[in-house]
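Work through these exercises with the structure open beside you. Try each task before you read its solution.

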Amino acid sequence: MTELLTGAEMRAHESKAIESGQVTGLDLMERAGQGVVDAMFAQWPDMQAGDHSAVVLCGPGNNGGDGFVVARLLKEHGWRVQVFCLGAPENLPPDARRNFDRWTDLGPVVSIEELKIDQDFKYDLVVDALFGTGLTRAIEAPLDLLFSKINAHAARGDTKILSVDIPSGVCADSGRVLGDSLRADLTVTFHGEKPGHLLTHGLLAHSEKVVVVDIGLPQLQRYTSDTNFILKNEPVTPYILRKSGQRHKYDYGHAVVISGPAAHTGAARLAARGALRIGAGLVTVAARAQALPELAAHQTAVMLQQVEGGADLKVQFGDDARANAFCAGPALGTDDVAAELLGAVLALERATVLDADALTLLAERPKLFAALHTGCVLTPHGGEFVRLFPEIEEKFATPPTRGPAYSKVDATRDAARKAGCVVLFKGPDTVIAGPDGRCVINPPDDSAAWLATAGSGDVLAGFICGLLARDLPPLLAAAAGTALHSECARSFGPGLIAEDLPEALPGVFRQMGV
C-alpha cells in the first residue's frame with residue numbers, strides 16, 4: 001500500500017529534505033514546474049506543436065512559484081503566456097519570488113483583479129497555481145465569481161483547466177470544497193497523492209484526472225513505526241492469500257454466518273459464499289429451524305447449524321475455538337431474538353464482522369454497542385453511519401469554512417475510537433480506520449461502479465469474515481476484502497450482480513498470482 005501525506009506532512013517532508021542538503025527549494029520548484037508541463041503534453045499531445053496560449057494564475061505561496069516556472073517553460077516552448085498574480089509580489093516566499101523575477105525577464109505580471117473572463121477570453125489553457133495544498137480559508141469574493149466564470153468557460157469546451165497540486169478551493173486533506181472551487185481537466189500533484197485526491201468530494205467533483213509527478217523526494221515508510229498514518233488501498237500481496245499443501249481445512253479457519261429467519265436468508269447465503277470463496281477452510285450458516293430447509297436447498301459446501309437463540313449459539317460454538325470468525329447482520333432482523341443472537345456472538349469475543357441489521361441493533365441498544373471489542377469490524381454505509389454515530393456525522397455534514405476541513409477520514413477515525421474497533425465506512429470512497437488511528441482509503445473507481453447493486457455489501461462482509469477466519473488482523477482483513485471486492489467488480493464488468501462477486505474471485509486470484 002502507498003502512504004498518503006497530508007498537506008502539512010508534505011511540507012514537512014520537503015523542508016526536511018531541504019534542511020538535510022539533499023535538494024534546494026528552487027530545485028524542487030523547477031522539477032515541479034517541469035513535471036506539470038511534461039504531464040500536460042502527455043495528456044494533450046496536440047499542445048506540443050502549433051500556436052497555443054495560456055493564462056497562468058499564481059497564488060501568494062510556493063504553489064504560485066510553481067506557476068511562474070510553468071509560465072516560463074511554456075513561454076520557452078513557444079506559447080503565448082499571460083501571468084496573473086494574487087497578492088503583492090514582495091510578500092512571496094523566497095523561492096517563489098526568485099521564480100517571479102525569472103518570469104518578469106520574459107513578460108509582465110498582472111494583478112488577478114484585472115483578469116476578465118468574457119467573450120474575448122480565448123486561451124487554450126488556464127493553469128491554476130493559486131493555492132495548492134496550503135489552502136486554509138474559504139474562497140470568497142471576488143475569486144468565487146472568477147472561478148465560476150472560468151468553470152463556465154471551460155464547460156463550453158473553449159479551454160482546458162490544469163491545476164497544480166489540487167484544484168484551488170479544494171482542501172487537500174479532506175477533498176471538501178472551501179466556499180467554491182475550480183474544476184480541473186487535469187491535476188498534477190507531486191511526490192504522491194494526497195487524501196483529498198482520493199476522497200469522493202475532491203476526485204470525482206473537481207478533477208477529471210490526477211497525475212503524480214516524482215520530484216526526487218525520498219519515500220517515507222512511517223507506518224512501520226507510526227500508527228497514525230493514511231494508506232491508499234491496493235491489491236494485497238498474493239502470498240497472504242495462498243494455501244499450502246502441508247495444511248488442512250481447519251488451518252484456514254471456520255467462518256460462521258448468522259442467518260435471518262425463513263424468507264430472509266439470501267443475504268446470509270451471499271456472505272457465506274463470499275467467505276468460502278475467499279478461502280475460509282469451513283463455513284457454517286447458523287439459523288433458526290424454520291430457515292434450515294430454505295438454506296439447505298441453496299447450499300452445498302456450506303454447512304448448516306440450528307440455533308434458536310443466544311443460548312444455542314453459545315452451546316454450539318462457545319467451546320469450539322475452531323469457529324474463529326463470525327458474520328452477523330445481513331438480513332438478521334432487529335427483533336429480540338436477533339438482538340440475543342448478536343449479544344451471544346459478541347460475548348464470544350472472536351473476530352466478527354457486523355453489517356446491516358446488526359448495525360441497526362447496535363444503534364438502538366447501547367448494551368450491545370458497549371459489548372464491541374477489538375476483534376470487530378463494523379461496515380456501515382452512509383445511512384447506517386448516521387444512526388450509529390450521529391454526533392460524528394453532524395460534524396462531517398457541516399459545510400467547512402476552514403482547512404484542513406473535517407473529512408471522511410476524520411469521521412471514520414473518530415467512529416473507530418468511539419467503537420473501540422475497526423470501522424469500514426462504505427461509499428464510492430470507502431474509508432477503513434482502526435481505533436489507533438491507522439487508516440486506509442479505497443478510492444472511487446468508475447470501473448467498479450456496478451458494485452452499486454443489492455447484496456454486494458453482504459458479499460463484502462463475507463469476504464472480510466473469510467479473511468478473519470484465515471487469521472488476518474481486522475484492519476488488514478477489511479482493507480484486503482474491500483480491495484478484492486472492487487477487483488472482482490472490475491474483472492466481471494457491466495451487468496454484475498451480487499451473486500457474481502464470489503464467482504469472480506478465482507479469476508482475480510489467478511491474475512494476481514495467488
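**Exercise 1. Count the helices and strands, then describe the overall build of the protein.**

Solution.
Step 1. This is a predicted model. The protein has 19 helices and 18 strands.
Step 2. Now take the extent. Along the principal axes, the C-alpha atoms fill a box of roughly 85 × 45 × 45 Å.
Step 3. Test the radius of gyration. A compact globule with 514 residues would have a value near 24 Å, and the protein has 26 Å, which agrees.

**Exercise 2. What share of the residues is buried, and what supplies the exposed area?**

Solution.
Step 1. Use the cut-off: a residue is buried under 20% relative accessible area. Of the 514 residues, 57% are buried.
Step 2. Turn to the surface. The protein exposes about 20,900 Å². Carbon and sulfur atoms supply 50% of that area.
Step 3. Look at the contacts. Take those between residues at least 6 apart in sequence: 73% of them join residues at least 24 apart.

**Exercise 3. Describe the largest pocket: its volume, its centre and its lining.**

Solution.
Step 1. Rolling a probe the size of a water molecule over the atoms shows where empty space is left.
Step 2. The volume of the largest pocket is about 930 Å³.
Step 3. Find the centre. The pocket is lined by 40 residues, and the closest to its centre are Gly427, Pro428, Pro443, Pro444 and Asp445.
Step 4. Assign the lining to elements. Helices H6 (195-198), H7 (200-206), H17 (456-469) and H18 (474-492) give two or more residues each. H18 gives the largest share, five residues.
Step 5. Sort the lining by class. There are 16 nonpolar, twelve polar and twelve charged residues.

**Exercise 4. Do the same for the second largest pocket.**

Solution.
Step 1. The volume of the second largest pocket is about 590 Å³.
Step 2. Its lining has 29 residues, and those closest to the centre are Arg11, Glu14, Asn62, Asn63 and Thr133.
Step 3. At least two lining residues come from each of helices H1 (7-19), H2 (25-43) and H3 (62-76). The largest share, six residues, is from H1.
Step 4. By class, the lining of this pocket splits into eleven nonpolar, ten polar and eight charged residues.

**Exercise 5. Which residues does the cis peptide bond before Pro142 join, and which does the one before Pro404 join?**

Solution.
Step 1. Recall the rule: most peptide bonds are trans.
Step 2. The bond from Ala141 to Pro142 is cis, with omega near 5°. Pro142 sits in the loop between strand E5 (125-129) and helix H5 (143-155).
Step 3. Gly403 and Pro404 are also joined by a cis bond, with omega about -5°. Pro404 belongs to the loop between helix H15 (390-397) and helix H16 (408-419).

**Exercise 6. Asp165 and Asp471 each have a positive phi. Is each one buried or exposed?**

Solution.
Step 1. Most residues other than glycine have a negative phi.
Step 2. For Asp165, phi is near 80°. Asp165 lies in the loop between strand E6 (160-164) and strand E7 (186-190).
Step 3. The relative accessible area of Asp165 is 10%, so Asp165 is buried.
Step 4. For Asp471, phi is about 75°. Asp471 is found in the loop between H17 and H18.
Step 5. Apply the other cut-off: exposed means over 50%. Asp471 has 58% relative accessibility, so Asp471 counts as exposed.

Note on methods:
Residues are numbered from 1 along each chain as its sequence is written. This is a predicted model: local features need pLDDT of at least 70, side-chain atom pairs count only at pLDDT 80 or more; totals for chains, interfaces and linings use all residues. Side-chain values use heavy atoms; hydrogens and water are left out. On a 1 Å grid over the protein atoms alone, a cavity is a set of points where a 1.4 Å probe fits but cannot get out, and a pocket is an open set with protein on both sides within 12 Å along at least five of seven lines; lining residues have an atom within 4 Å of a point. Grid points are joined across faces, edges and corners, and a volume is the space filled by probe spheres set on the points. Helices (H or I, at least four residues) and strands (E, at least two) are DSSP runs, numbered from the N terminus. Ala, Val, Leu, Ile, Met, Phe, Trp, Tyr, Cys and Pro count as nonpolar, Asp, Glu, Lys and Arg as charged, and the others, Gly among them, as polar. The radius of gyration is taken over C-alpha atoms; the globule rule is 2.2 Å times the number of residues to the power 0.38. Buried means under 20% relative accessible area, exposed over 50%, partly exposed in between (1.4 Å probe, protein chains only). Contact means heavy atoms within 4.5 Å. Accessible areas come from the Shrake-Rupley method with a 1.4 Å probe; for residues, only the protein chains shown count as cover.
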